[in-house]
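Visitor: Please give a close account of the spaces within this model, in particular the second largest pocket. I should also like to know which parts of the chain border it.

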Amino acid sequence: MIKTSGDTGTVNKRGTDQESLIGGRIPKLDAPEKAVGLTRYLDDIKLPRMLYGKILYADRPHARVVDIDTSPAAAMYGVRAVITAADIELVRFGFGSDNTALKGEKVTCIRDEIAAVAADTPEIAGEAVKRIRVTYEDLPVVATIEEALASGAPVIHEGAPNNVPFRFDYDHGDIDEGVSQSDVIVEDTFSSQRVAHCCLGTSGLIAHFGPDGRLTLHSLTQVPFLYKHDLSRIVGVPPEKIRVIQPPIGGGFGSKLDVHPFEPICVFLARATGRPVRMVFTREEEFFATPTRQPMVIQLRSGAKRDGTFTFRDVRMTLDNGGRTSWGATTPWISMRTFSSLYRVPHVRQHVDVIYTNNIYACAFRGYGNPQATFALESQIDKLAHELGMDPLDIRLKNAQEPGETTGQGMVLGTCGLADCLKTAAHNAGWDVKHSGPQKPVGKSRRVRGLGMASLFHVGGGAKIYRSDGCGTILQIDDFGGVTVQTGASEIGQGSETVIAQIVAEELGLPIENIRVVNNDSDLKPWDVGVHASRTTFIAGNSALRAARQAKGKLLVAAAEKLNREPDELDLAKGNVVDRETGEPIESIGKVLRGMHFGRKNEMIQATEFYEPPSKMPDEGHKGDISACYAFGTHVAEVEVDLDTGVVRVLGISAAHDVGRVINQLGIEGQIEGGIAQGIGYTLTEEVKVEGGRVVNPSFTDYKLVTTHEVPELKLEFIETHDPAGPHGAKGVAEAPLVPVAPAIANAVYNATGVRMTDLPLTPERVLAKLNESREAERGATDG
């Protein structure tokens, strides 16, 4: 059951005009087609003479490729092409420039792509790859960070002879001074696991070349314009000759921010055959051949004064990079911002080592390193509160920032609802009544309950990691008030097209049914950096709003001329030009538009806008105002722990989020609910298990997603801080709801049992082992 609470106390809530679309509960525009089965996903698209691609993977973690014999596959009926690294130009790509489409000399993880087949049917392609014979010379497997760093360890990539391809360092203040100011210092080591994105739609691509040599891609990418640029270099096609069409996507969550090897492979097969080639992953491939969330080991030491004032944080992180590099290696860019800027802290130091192993590698995932960092930080804040004898709510409120502050990393908090989020979430969860020390079972019950809280800090207005973080809009209005909005923003299920339509309809005084959003074809839509960093509502929304304001200005000038009025005396509402003072309709918008079109000036209304946020690229020391605004939130979790089995059951979560302003109440509820559900799985059940470099649970049978049965009652509250930079005051919130779930649950487990959990996921086996350790320690103390 989901509850969205109303006003409590003085916290600012939505109070918009009932006729306004802003803040309304607007269903997604694409929902009807999806509900009745008319939506055509990638797997539904069939082009004339289309072939089917399949990849042969190394299936061994570390080896030299001695020989590849493709002749048995090539001889099969229905096989149209077989390619290996010898058949293509090997262009290095990826953040570490350590990847190629196919591998011909050495493999460094089980998912390395060795060969590929294009055939008349998926079945023939699948059989053909099985017939390819590869001779390997196995090399020692480096399965752990410890093995990678050991003296004499095998070198995985020659460019990193110590197996450390990347290091990140950040600091502000003076750690030694912070230590000297501290009355309490705590230190812990936290670890987090690999997690699969689990998109309902698996990865895939259709590639085909036209008679003019132009390459068309039906791609699930989240970043179509960056994708064109990056893929161009790999496959040798100029970017202006690449068209990207984005079919409806079955989930992204950051998994489609990179160019993955299967995509240039599919292009090479299309070039080799001269025919369209479709490649769609099986569920098993999706588990072992696509990147995961970045696993981390975080050593955190932090301090506070006797009154609870935070003094310093000293962080050392180690990342298992796997055998290749995707965006996972760069997640410290975001995690460092949590350590530096979640609550006031004058002294921070962070050092990160990224380590090559022969495991599968990681990419971007919702939160981008923030869930891992927040798990460590918010768990340790609870520990500081315990050592000081303070209420966990009070220590957070004491250190919560206020609007207008600048963090030690240079991020300007123009608006900040952190304190309100803390108070609201605690109030809705019954914190004052339910939060107490470790419990004892009542009667015959062996179950105890507890409450835990955690907050978050995240970008809310994009992140300036490229030279441009902007988005373009092209808007045109037809003779009858129908509006076509060509937006650079991509729709990946998050509801961006609905929000953009709301913003445009609101500005032009038209019903939302009049707005058509075009967002899936790079030949038609303007440039946008892509869907990431919780940026689309803020940046694409601002772009659409500014374009709509341009169009509105033109329309009012034309109406004023026709009506012999001044433009500032008029407004647009309910499909009409109205008197601004009285709201009385004067002329229909359609009639004014037709008058413009067929009158003496023969005009039509069009508007273009490119919105570039005021954020700044960080400097070499990683400091700077990287986002146009920042999101905050607090979750309070109530759990029940079975002391005999270690099973943790989440009974409820109270969530309060600083969203700037709600644009679509229905949509934002879905974002928060989905993020919390994903966060519960991350905390309790999900883990891609890798043993000796091999994934041992590549299916939903053995990979445990939470179901509706495990999602508890949720109490959601939205704190409106009306950020002046956002469209109608809105901030981005897509990633935020996942971020604080794990520490809120872990802190609740501590509150219930007195046992501190520092390793994710909190499986029954892991919780029970900790409980047994605690019992043994208690018995030892009693015996002593």
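**Cavities, a pocket and its surroundings**

Guide: By class, three nonpolar, four polar and three charged residues make up the lining of the largest cavity. The model is a predicted one. Leu220, Tyr227 and Phe262 are the nonpolar members of this lining, while Ser203, Gly204, Thr221 and His260 are the polar ones. The charged members are Lys256, Asp258 and Glu263. The volume of the largest cavity is about 70 Å³, and the count of cavities of 30 Å³ or more comes to five.

The domain assignment divides the chain into domain 1 (42-139 + 202-248 + 256-288), domain 2 (296-463 + 619-783) and domain 3 (470-611). Among the residues lining the largest cavity, Ser203 and Glu263 fall within the ranges of domain 1.

The second largest pocket holds about 760 Å³ of space. Its lining has 31 residues, of which Gln246, Pro248, Glu497, Asn519 and Asn520 are the closest to the centre. Gln246 and Pro248 belong to domain 1 by number, whereas Glu497, Asn519 and Asn520 belong to domain 3. Because domain 1 and domain 3 both give residues to the lining, the second largest pocket lies between them.

Three elements each supply at least two residues of this lining: helix H1 (31-35), strand E11 (215-219) and strand E20 (515-518). E20 makes the largest contribution, with four residues. By number, E11 falls in domain 1 and E20 in domain 3, while H1 lies outside the ranges assigned to the domains. By class, the lining of the second largest pocket comprises 14 nonpolar, nine polar and eight charged residues.

The two domains that border the second largest pocket also touch one another: 13 residues of domain 1 are in contact with 15 residues of domain 3. The centres of domain 1 and domain 3, taken over C-alpha atoms, are separated by 41 Å.

Domain 2 may be represented by a pair of its strands. Strand E29 (residues 713-719) falls within the ranges of domain 2, as does strand E26 (residues 648-658). E26 and E29 pair in the parallel sense over seven bridges, and in one of these Gly652 has Glu713 of E29 as its partner. E29 is mostly covered, with five of its seven residues buried.

Conventions: Residues numbered from 1 in each chain as written. Predicted model: local features only at pLDDT ≥ 70, side-chain atom pairs only at ≥ 80, totals over all residues. Heavy atoms only, no water. 1 Å grid on protein atoms, 1.4 Å probe; cavity = no way out; pocket = protein on both sides within 12 Å on 5 of 7 lines; lining within 4 Å. Points joined across faces, edges and corners; volume = space filled by probe spheres on them. Domains from an automatic or database assignment. Buried < 20%, exposed > 50% of the residue type's maximum accessible area, 1.4 Å probe, protein only. Pairing = 2+ DSSP bridges. Contact = heavy atoms within 4.5 Å.
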